[in-house]
Amino acid sequence: MLSRHRCIIIILLAAFFCTMVPPKAKAIDPVTIAILAPIAIKAAKVMRPYIQKGLITGTKGLIQTGKDTLEILYLPWGVVQMTLGLPFGGLGPGLRNIGKGLLAPFKVVGDVLYLPIQFTGFVN
């Protein structure tokens, strides 16, 4: 059993150190760059609307993630409403705010997982 753990640790360490080797730089001939530049400019012009759509939907996703992150503050606010506002009828709204605050982290995780898809521009 102990040797099995050692093997796993050695494999993980070897994989970690293999990824730490820096890549070797390779130069590109300046003539090749001059030849490929007009083609790259044409490709950039073709891709422009898709990139813009991806940035717009990604920005909307970032704003939604920020809103859902701020909803986490409903949790302490609900506790304050329930304790201090109990004599004034704050139990119901306090419970609702605690529920919103408890759901907020799950919404944030969903938003963060959905964010790369939004940046591709495949969704509205």
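Select aspartate 68 to begin: its relative accessibility is 3%, so the residue counts as buried, the limit being under 20%. The coordinates on display belong to a predicted model.

With aspartate 68 still highlighted, add lysine 107. The two residues form a salt bridge, in which the closest N and O atoms are 3.8 Å apart. This pair links distant parts of the chain, since aspartate 68 belongs to helix 2 and lysine 107 to helix 4, with their positions 39 residues apart in the sequence. How exposed is lysine 107? Its relative accessible area is 36%, and lysine 107 is therefore partly exposed.

Next, select glutamate 71. Its side chain meets that of lysine 107 in a salt bridge, at 3.0 Å from N to O. Here too distant parts of the chain are linked: lysine 107 is in helix 4, whereas glutamate 71 lies in the loop between helix 2 and helix 3 (74-84), and the two are 36 residues apart. Through shared partners, Asp68, Glu71 and Lys107 are joined into one network. A search of the whole structure finds 2 salt bridges.

Move now to lysine 100 and display it together with tyrosine 74. The charged end of lysine 100 sits over the ring of tyrosine 74, at 4.9 Å from the ring centre. What is the count of aromatic pairs? The count comes to 0.

The next stop is on the surface. Select Val46, Met47, Tyr50, Ile51, Leu55, Leu62 and Phe119, which make a nonpolar surface patch of about 700 Å². Which helix gives the largest share of this patch? Helix 2 (residues 30-70) does, with 6 residues. Within the patch, centre the view on tyrosine 50, which lies in helix 2. Its relative accessibility is 56%, so tyrosine 50 counts as exposed.

Keep phenylalanine 119, a member of the patch, in view and add threonine 59, found in helix 2. Threonine 59 and phenylalanine 119 are 60 residues apart in sequence, yet their C-alpha atoms are 7.9 Å apart in space. Threonine 59 has a relative accessible area of 42% and is therefore partly exposed.

For another distance, select isoleucine 51 and proline 87. These residues are 36 residues apart along the chain, and 55 Å separates their C-alpha atoms. Proline 87 is located in the loop between helix 3 and helix 4. Is this proline buried or exposed? With a relative accessible area of 66%, proline 87 is exposed.

Finally, colour the chain by pLDDT. The chain average is 85, and 96% of the residues score at least 70. Which element has the lowest mean pLDDT, and which the highest? Helix 1 (residues 2-19) has the lowest, at 74, and helix 4 (residues 91-120) the highest, at 91. Where pLDDT is low, the predicted coordinates should not be interpreted in detail.

Notes
Residues numbered from 1 in each chain as written. Predicted model: local features only at pLDDT ≥ 70, side-chain atom pairs only at ≥ 80, totals over all residues. Heavy atoms only, no water. pLDDT = per-residue confidence, 0-100. Helix = DSSP H or I, 4+ residues; strand = E, 2+ residues; numbered from the N terminus. Phe/Tyr/Trp six-rings, centres within 6.5 Å; stacked < 30°, edge-to-face > 60°. Lys NZ or Arg CZ within 6 Å of the ring centre and 35° of its normal. Patch = residues over 30% accessible without salt bridge, like charges linked within 9 Å, V, L, I, M, F, W, Y side chains within 5 Å. Areas by Shrake-Rupley, 256 points an atom, 1.4 Å probe, with all protein chains shown as cover. Salt bridge = Lys/Arg side-chain N within 4 Å of Asp/Glu carboxyl O. Buried < 20%, exposed > 50% of the residue type's maximum accessible area, 1.4 Å probe, protein only.
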